[in-house]
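This briefing is meant for a reader meeting the structure for the first time. Please look over the sequence and the model before turning to the notes below, which are grouped by topic.

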Amino acid sequence: MKYTGLFLAVSMLLACSDAFVNHQLKAEKIGGCTGTPSPVKMQANIAGQRYTFVTCLDDNFDNSQYQLQRSGDTLVLSFTGQGRRRTAYNITVDIDAKPMYKYILLDGQGINLAP
């Protein structure tokens, strides 16, 4: 009987969870790679955060070659590809997440958002 109450409490907490991560990525090819990481620019508003940075990706990069995953209080944006990284892309990613994350890794660049 005591396990039934615990099961119901856990089930209700999981059913009431309204956690989400919505994201949209835009990649614009801009030319040759320098190999030097660019600074990440961030804008925040009530609809979430926008991150802009330049990174080197496969010449034929498309939106099926990235993943954005939550791991605890961290979001991890990673790129996959088949071949050599050789073209610079201007990446813009819009993220709206609940609960709010404290850290984000953008293609290996770590950003601490916690005060």
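A residue counts as buried when its relative accessible area is under 20%, as exposed when that value is over 50%, and as partly exposed in between. By this rule Ala88, which has 6% relative accessibility, counts as buried because its value falls under the 20% limit. The model described here is predicted, and the points below move from the whole chain to single residues.

**Overall make-up**

- The protein contains one helix and eight strands, and from the N terminus on its elements follow the order α-β-β-β-β-β-β-β-β.
- The protein has 115 residues, of which 25% count as buried.
- Among the contacts in the protein with a separation of 6 or more, 71% are made by residues that are 24 or more positions apart.

**The largest nonpolar core**

- The largest nonpolar core holds 18 residues, and those touching the most other members are Leu25, Leu77, Phe79 and Ile95.
- Two or more residues of this core are given by each of β3, β4, β5 (74-79), β6 (85-98) and β7 (103-106), with β6 giving the most, namely five residues.
- When residues up to four places away in sequence are not counted, Ile95 touches Asn22, His23, Ala47, Gly48, Gln49, Tyr51, Leu68, Leu75, Tyr101 and Ile104.
- As general background, nonpolar side chains in soluble globular proteins tend to be buried together.

**The largest pocket**

- The largest pocket encloses about 200 Å³ of space, and of the 14 residues that line this pocket, Thr36, Pro37, Val54, Thr55 and Cys56 are the closest to its centre.
- Strand β3 supplies the largest share of the lining of this pocket, with four residues.
- Sorted by class, the lining of the largest pocket consists of six nonpolar residues, seven polar residues and one charged residue.

**Ala88 and its surroundings**

- Ala88 is located in strand β6, and its C-alpha atom is separated by 5.6 Å from that of Ile30, although the two residues are 58 residues apart along the chain.
- Apart from neighbours within four places in sequence, the residues in contact with Ala88 are Glu28, Lys29, Ile30, Gly31, Gly32, Cys33, Val54, Thr55 and Cys56.

**Gln65 in its loop**

- Gln65 sits in the loop between β3 (48-58) and β4 (66-71), and with 12% relative accessibility this residue counts as buried.
- A polar atom of the side chain of Gln65 lies 3.0 Å from the backbone nitrogen of Asp62.

Technical notes. Residues numbered from 1 in each chain as written. Predicted model: local features only at pLDDT ≥ 70, side-chain atom pairs only at ≥ 80, totals over all residues. Heavy atoms only, no water. Buried < 20%, exposed > 50% of the residue type's maximum accessible area, 1.4 Å probe, protein only. Polar contact = N/O pair within 3.5 Å; in protein donor to acceptor, adjacent residues only side chain to side chain. 1 Å grid on protein atoms, 1.4 Å probe; cavity = no way out; pocket = protein on both sides within 12 Å on 5 of 7 lines; lining within 4 Å. Points joined across faces, edges and corners; volume = space filled by probe spheres on them. Nonpolar A, V, L, I, M, F, W, Y, C, P; charged D, E, K, R; others polar. Core = buried A, V, L, I, M, F, W, Y, C linked by side-chain atoms within 4.5 Å. Contact = heavy atoms within 4.5 Å.
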